[in-house]
Amino acid sequence: MAGGEVTQYTRLLEDSRRHALDRMVQNAQVLGANAVLGMRFDSGELMQNTKEIVAYGTAVILRQL
């Protein structure tokens, strides 16, 4: 049995993480926010051989004092 990184799977997960982040930013912008605080990623298995990656945080409007 050989070990090591499965580069195609790694790329797929990185792309999925980027898509989740992009969606979170777009949703924050729709709400009128200009920043996201407490941003986190979460991942899990939906079904056998099916993963989900979620990005979430608190959309806020920051202003200079």
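**A helix and a two-stranded hairpin**

When neighbours within four places in sequence are set aside, T58 is in contact with A35, V36 and L37. This statement, like those that follow, concerns a predicted model. T58 itself is found in strand β2. The C-alpha atoms of T58 and G38 lie 6.3 Å apart in space, although 20 residues separate T58 from G38 in sequence. Because its relative accessibility is 48%, T58 counts as partly exposed; the limits of that class are 20% and 50%.

The pairing of the strands comes next. Strands β1 and β2 run antiparallel and are joined by ten bridges. Strand β1 covers residues 35-47, and strand β2 covers residues 50-60. Particular pairs can be followed along the two strands: F41 has A55 of β2 as its bridge partner, and G44 stands opposite E52 in β2. In a regular strand, side chains alternate between the two faces of the sheet.

The connection between the strands deserves separate attention. The hairpin of β1 and β2 has two residues between its strands. N49 is found in this loop between β1 and β2. The phi angle of N49 is near 65 degrees, which is a positive value in a residue other than glycine. N49 counts as exposed because its relative accessibility is 72%, where exposed requires over 50%.

Beyond the loop, K51 is found in strand β2. Apart from its neighbours within four places in sequence, K51 is in contact with Y9, G44 and E45. With E45 the relation is a salt bridge between the side chains, at 3.5 Å from N to O. K51 counts as partly exposed because its relative accessibility is 47%. K51 can also be placed relative to S16: the two residues are 35 apart in sequence, and their C-alpha atoms are 9.7 Å apart in space.

In strand β1 lies D42. Leaving out the neighbours within four places in sequence, the contacts of D42 are E52, I53, V54 and Y56. D42 has a relative accessible area of 44% and is therefore partly exposed. The C-alpha atoms of D42 and A20 are separated by 9.9 Å, with these positions 22 residues apart in chain numbering.

The helix may now be considered. Helix α1 spans residues 7-30, which amounts to 24 residues. From its first C-alpha to its last, α1 reaches 35 Å, close to the 34 Å expected at 1.5 Å a residue. Which residues of α1 are buried? They include A20, M24 and A28. An α-helix has 3.6 residues a turn, so residues three or four places apart point the same way. The buried residues of α1 pack against β1 and β2. Just after α1, G32 takes a positive phi of about 90 degrees.

Charged side chains also meet within the helix. How many salt bridges does a search of the whole structure find? The search finds two. One, between E45 and K51, has been described above; the other is formed by R18 and D22, whose closest N and O atoms are 3.5 Å apart. R18 and D22 are separated by about one helical turn because they are four residues apart in helix α1. R18 counts as partly exposed because its relative accessibility is 47%. D22 counts as partly exposed as well, because its relative accessibility is 33%.

A final feature concerns the surface. V6, Y9 and L12 form a nonpolar patch there, with about 290 Å² of accessible area together. Y9 lies in helix α1. Because its relative accessibility is 39%, Y9 counts as partly exposed. Y9 also links this part of the account to the hairpin, as a contact of K51.

Taken together, the parts can be read in order along the chain. Helix α1 presents buried residues, including M24, which pack against β1 and β2. The two strands are joined by ten antiparallel bridges, and N49 is found in the loop between them.

Definitions and conventions:
Residues numbered from 1 in each chain as written. Predicted model: local features only at pLDDT ≥ 70, side-chain atom pairs only at ≥ 80, totals over all residues. Heavy atoms only, no water. Expected span 1.5 Å × (residues − 1). Buried < 20%, exposed > 50% of the residue type's maximum accessible area, 1.4 Å probe, protein only. Contact = heavy atoms within 4.5 Å. Patch = residues over 30% accessible without salt bridge, like charges linked within 9 Å, V, L, I, M, F, W, Y side chains within 5 Å. Areas by Shrake-Rupley, 256 points an atom, 1.4 Å probe, with all protein chains shown as cover. Salt bridge = Lys/Arg side-chain N within 4 Å of Asp/Glu carboxyl O. Pairing = 2+ DSSP bridges.
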